[in-house]
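Here's a quick briefing to read alongside the structure. Have the viewer open and hop between topics as you like.

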Amino acid sequence: MRICAIGLRGIPDVMGGIETHCEHLYPRMARLDDNLEIIVIGRSRYAKSGKLSNVRVVTLWAPRRKGLETLVHTPLAILYARLFLHPDVIHLHAVGPGFFAPLARLLGFRVIGTHHAADYDRPKWGRFGRWFLKTGERMLAKYADEVICVSNSIEARLSCEYPRQKDRFTTIRNGVPPAIFSDRPEEGLLSSLGLERGRYILCVGRLDPTKGFHDAVDAFRLAKPPGMKLVIVGGSLGSDVYAGDLKASAPPDCVFTGPRSAREVRTLYRNAGLFLHPSYLEGFALVVLEALAANVPIVLTDIPPHLEVGLDGASYYACGDVEHLARILAEGDYGRLRCSRRVEILEENDWDNVARRHRDILLRRVPGQRAGEIAAPTR
């Protein structure tokens, strides 16, 4: 059985929550079943054709203009899959690519969609962009054979808006990346950035207004935690004006590292004094699980996807409340923000279990099966 994944920039080591999700998911799925052949169709600007473990990566051209990437690349990838790859299933990621779910169905594919976030709520989009993304969500809900939601809050909202299709919606949260004890820290990484172990507050994510890094900068400036620095890891991915303004307004003790490799980010997690995620909009924040796996203290906004993680109450503050956040940062000793339910949450969000659930959904009603029958896994 052949599956084509469409809607992500590419793998491996491409910045983005969807890309990280797919990099963890697909190799595990392929290892679960020898009969699965998984092909990721990425964008040549971000990735190269090749193989990641047992997953094939094919890259196609996409426009460099951000607003046109999904609009052009997704139908191109679907047509390429029909003409050259002949998959049984198309797996569309995010609501933008979901716009083309009817095209994939028309070409005879079984279509699975994953709803990662309400992207149309991001302020960077104009009227057409919001319409396109909202319509993409509707097309995904109505025309995909099944829709996987990365949080309960997304599934609940979809079920309310599209009650006739709610039986096709299911929640599978992101998994926790495995602890890699043999992974040695990057030599000299901390010193090259002017950092000391335990003496910095870490934020990870793209430099986008919805991530709330401006709140982190403002709270850090108010708090002035002695001996601490604020470290923000990530690139702009099109939000260049916001990124420029953010850097210009930041105090001297704020360090912008730009995009970093997965190994470098793991090193920064493990040595942080506190992980901060001041986001206003998430589907389900993979970075929170990454910080939890590194066993560092965590503070984050009280938006529903964050609350769904189930951290201790002390780790949450009201979204947008810079003064409250400043009071937390001013404490200096963040030990009380280390999660008491860490082991339980890690067990609940195991990537191998996430891969099994995806595998079972993708294998349902494959060609040649009776309706309602589920293909038996090979092991």
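Let's start at a ring that sits in a loop: at 24% relative accessibility, F99 counts as partly exposed. Keep in mind that this is a predicted model. From F99 we'll move through the aromatics, then on to the cores, the cysteines, the sheet, the helices and a few backbone oddities.

**Aromatic rings**

- F99 pairs with W131: the ring centres are 6.0 Å apart and the planes meet at 65°, so this one goes down as edge-to-face.
- That pair ties together distant parts of the chain, with F99 in the loop between α3 (95-98) and α4 (101-106), W131 in helix α5 (residues 127-143), and 32 residues separating them.
- W131 is also partly exposed, at 45% relative accessibility.
- Zoom out a little and you get one aromatic cluster made of F99, F100, F128, W131 and F132.
- How many aromatic pairs are there by this rule? The count comes to eight.
- Another of these is Y80 with F84, a tilted pair at 5.0 Å centre to centre and 40° between the planes.
- Y80 and F84 share helix α2 (residues 66-85) and sit four residues apart, about one turn of the helix. As background, an α-helix has 3.6 residues a turn, so residues three or four places apart point the same way.
- Is F84 buried or exposed? F84 is exposed, because its relative accessible area is 54% and the cut-off is over 50%. Its partner Y80, at 24%, counts as partly exposed.
- There's a charge over a ring as well: R9 lies over the face of Y46, 5.7 Å from the ring centre.

**Nonpolar cores**

- The largest nonpolar core has 93 residues, and the ones with the most contacts inside it are Y26, M29, L202, L268, F275 and L311.
- Take L268 from that list: leaving out residues up to four places away in sequence, L268 touches L189, L190, L193, L195, Y200, L202 and V233.
- A second, separate core has 28 residues, including A219, Y242, C254 and L337.

**Cysteines**

- How many disulfides does a search of the whole structure find? Zero.
- C254 is in no disulfide; its nearest cysteine sulfur belongs to C203 and is 8.0 Å away. That gap rules out a disulfide because the sulfurs would have to be within 2.5 Å.
- C254 counts as buried, with a relative accessibility of 10%.
- C339 is in no disulfide either, with the nearest cysteine sulfur, again that of C203, 19 Å away.
- C339 is buried too, at 11% relative accessibility.

**The open sheet**

- Six strands make an open sheet with parallel pairing, in the order β11-β10-β9-β12-β13-β14.
- Which strands are at the edges? They're β11 (254-258) and β14 (316-317), each pairing on one side only.
- Inside the sheet, β12 (residues 274-277) and β13 (residues 298-301) pair in the parallel sense over three bridges.
- F275 stands opposite I298 in β13, and F275 is also on the list of residues with the most contacts inside the largest core.

**Helices worth a look**

- Helix α11 (residues 286-293) has eight of its eight residues buried, so the rest of the structure largely encloses it.
- Its buried residues are L286, V287, V288, L289, E290, A291, L292 and A293.
- Just after α11, N295 takes a positive phi of about 60°.
- Back in helix α2 you'll find T74, which is buried with a relative accessible area of 0%.
- Setting aside neighbours within four places in sequence, T74 is in contact with I6, E69, L92, P97 and F100. F100 is one of the rings in the aromatic cluster described above.

**Backbone oddities**

- The peptide bond from I11 to P12 is cis, with omega near 0°.
- P12 is in the loop between β1 (2-6) and α1 (17-32).
- D13 is in the loop between β1 and α1, and D13 has a positive phi near 55° despite being a residue other than glycine.
- D13 counts as partly exposed, at 48% relative accessibility.
- S53 has a positive phi as well, near 60°, and again in a residue other than glycine. Look for S53 in the loop between β3 (50-52) and β4 (55-60).

Notes
Residues numbered from 1 in each chain as written. Predicted model: local features only at pLDDT ≥ 70, side-chain atom pairs only at ≥ 80, totals over all residues. Heavy atoms only, no water. Buried < 20%, exposed > 50% of the residue type's maximum accessible area, 1.4 Å probe, protein only. Core = buried A, V, L, I, M, F, W, Y, C linked by side-chain atoms within 4.5 Å. Contact = heavy atoms within 4.5 Å. Phe/Tyr/Trp six-rings, centres within 6.5 Å; stacked < 30°, edge-to-face > 60°. Helix = DSSP H or I, 4+ residues; strand = E, 2+ residues; numbered from the N terminus. Lys NZ or Arg CZ within 6 Å of the ring centre and 35° of its normal. Pairing = 2+ DSSP bridges.
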